[in-house]
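This report describes a single chain and the ligand modelled with it. The sequence and the coordinates are shown first.

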Amino acid sequence: MTVPLISLRGVTKVYGSGATQFQALKGVDLDITGGDFVAVMGPSGSGKSTTMNILGCLDMPSAGEFTFRGHHIETLDRDQRALLRRKYLGFVFQGFNLLSRTSALENVELPLLYRGEDKRSRRELGMAALDKVGLADWWDHTPAELSGGQQQRVAIARAIVTSPDVLLADEPTGNLDSERSVEIMQLLTTLNRDSGITVLMVTHEPDMAAFARTVVHFKDGLVERIEAQHRQGEAVEESPSRLREGLGVGLSPTTSSDTGGQAHPQPSSGSAVPPAQPEQRGTLFTPNSQAGGE
Ligand SMILES: Nc1ncnc2c1ncn2[C@@H]1O[C@H](COP(=O)(O)OP(=O)(O)O)[C@@H](O)[C@H]1O
Ligand SMILES: [Mg+2]
């Protein structure tokens, strides 16, 4: 059994203190295998965003273990977590969060600016990322000149421009109509399949979750159950070579009509059976890498 890319053990999160104290997470156990496409579902207030913020190193658990590639993240300081975010993680939010007076390309280049890339390489990588989301021709347009779907694609380009291992998306289609939502899901599916990027996505909509291979259901601050799903043209158990070769053909998910949307329920052991991918081991940071501020 390989080390999961991401692992949570007994993770709790308590907000506030005293009378206003609230326990948002009550002991979450979850393993995410590299290369998986995970949809996180559950009622409002069940702890989905709290979990995403912890996985994204934007917030810390109150207690419990959080490992990334076998490294204990709960022991890292603020700067090290910032470095980890910049090196390995990409974020997409419901509200796009683009700079409004800034062109699509400049928005996409921003993480590269933080990383200290020179202008020429920012342009090249930025344009390549815009090309991947189908917006190369729109590079000089500001968000106001783009549709909601296009803005979210710019946000996705910004998230992937640093070639992260993991893309974290909290309700990425929450502000989009269903047609635009499906386009975003097809894009995420393509990125997951072709680049091997691990996708973790919160969604309320079963139609969007149908694009994922693994669905994690939250309830009352706990993982209630985990299911593995078929996607069109793919077996539930993926071999590493199959994943690398990108043989999964269809973009559209299997319909849930024949399974009631609950294909192949898994025992809720906190461990799904996602596609296997060789785990990259070793250190998270090079010895001389600097943890600069944000
Ligand atoms: N910063 C915060 N301070 C206090 N309570 C919070 C904070 N963030 C979230 N909560 C509470 O924690 C619970 C879980 O929130 P959240 O993880 O955002 O749920 P979900 O994303 O599943 O809707 C909710 O009851 C919410 O009100
Ligand atoms: Mg939320």
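The sections below cover the fold, the ligand shell, the nonpolar core, one helix and several loop residues.

## Overall fold

This is a predicted model, and its chain contains eight helices and 10 strands. Of the 294 residues in the chain, 42% are buried. Among contacts between residues at least 6 apart in sequence, 73% join residues at least 24 apart.

## The shell around ligand 1

The residues that surround ligand 1 are Tyr-15, Gly-16, Phe-22, Ala-24, Gly-42, Ser-44, Gly-45, Ser-46, Gly-47, Lys-48, Ser-49 and Thr-50. Two elements, strand E2 (22-32) and helix H1 (48-55), each give two or more residues to this shell, and H1 supplies the largest share, with three residues.

Sorted by class, the shell around ligand 1 comprises three nonpolar, eight polar and one charged residues.

## The nonpolar core

The largest nonpolar core has 69 residues, and those with the most contacts inside it are Val-38, Ala-157, Leu-200 and Met-201. Helix H5 (residues 148-160) gives the largest share of this core, six residues.

For Met-201, the contacts beyond its neighbours within four places in sequence are Val-38, Ala-39, Val-40, Ala-169, Pro-172, Leu-188 and Ala-212. Val-38 therefore appears twice in this picture, as one of the residues with the most contacts inside the core and as a contact of Met-201, where the relevant cut-off is C-beta atoms within 7 Å.

## Helix H4 and its two sides

Helix H4 (residues 119-132) has 14 residues and reaches 20 Å from its first C-alpha to its last, which is close to the 20 Å expected at 1.5 Å a residue. Its buried residues include Arg-122, Leu-125, Gly-126, Ala-129 and Leu-130. These lie on the same side of H4 because they cover an arc of only 140° around the axis. In general, an α-helix has 3.6 residues a turn, so residues three or four places apart point the same way.

On the other side of H4, Arg-120, Ser-121 and Glu-124 are exposed. The cover over the buried residues of H4 includes helix H3 (104-114) and H5, and H5 is also the helix that gives the largest share of the nonpolar core. Just after H4, Gly-134 takes a positive phi of about 80°.

## The loop before H4

Glu-117 is placed in the loop between H3 and H4. It counts as partly exposed because it has 18 C-beta neighbours inside 10 Å, whereas 20 or more would be needed for a residue to be buried. Leaving out residues up to four places away in sequence, Glu-117 touches Leu-112 and Arg-122, and Arg-122 is one of the buried residues of H4.

## Positive phi outside glycine

Arg-69 has a positive phi of about 50° although it is not a glycine, and this residue lies in the loop between strand E4 (63-68) and strand E5 (71-72). Arg-69 is classed as buried because 20 other C-beta atoms lie within 10 Å.

Asn-97, likewise not a glycine, has a positive phi of about 55°, and its place is in the loop between strand E6 (89-93) and H3. With 13 other C-beta atoms within 10 Å, Asn-97 is therefore partly exposed, since a residue would count as exposed at 12 or fewer.

Notes:
Residues are numbered from 1 along each chain as its sequence is written. Chains are lettered from A and ligands numbered from 1 in the order in which they are written. This is a predicted model: local features need pLDDT of at least 70, side-chain atom pairs count only at pLDDT 80 or more; totals for chains, interfaces and linings use all residues. A residue is near a molecule or strand if its C-beta atom, placed from the backbone, lies within 6 Å of it. Helices (H or I, at least four residues) and strands (E, at least two) are DSSP runs, numbered from the N terminus. Ala, Val, Leu, Ile, Met, Phe, Trp, Tyr, Cys and Pro count as nonpolar, Asp, Glu, Lys and Arg as charged, and the others, Gly among them, as polar. A nonpolar core is a set of buried Ala, Val, Leu, Ile, Met, Phe, Trp, Tyr and Cys residues joined through C-beta atoms within 7 Å. Two residues are in contact if their C-beta atoms, placed from the backbone, lie within 7 Å. The expected span of a helix is 1.5 Å times one less than its number of residues. The arc is that of the directions from the helix axis to the C-beta atoms.
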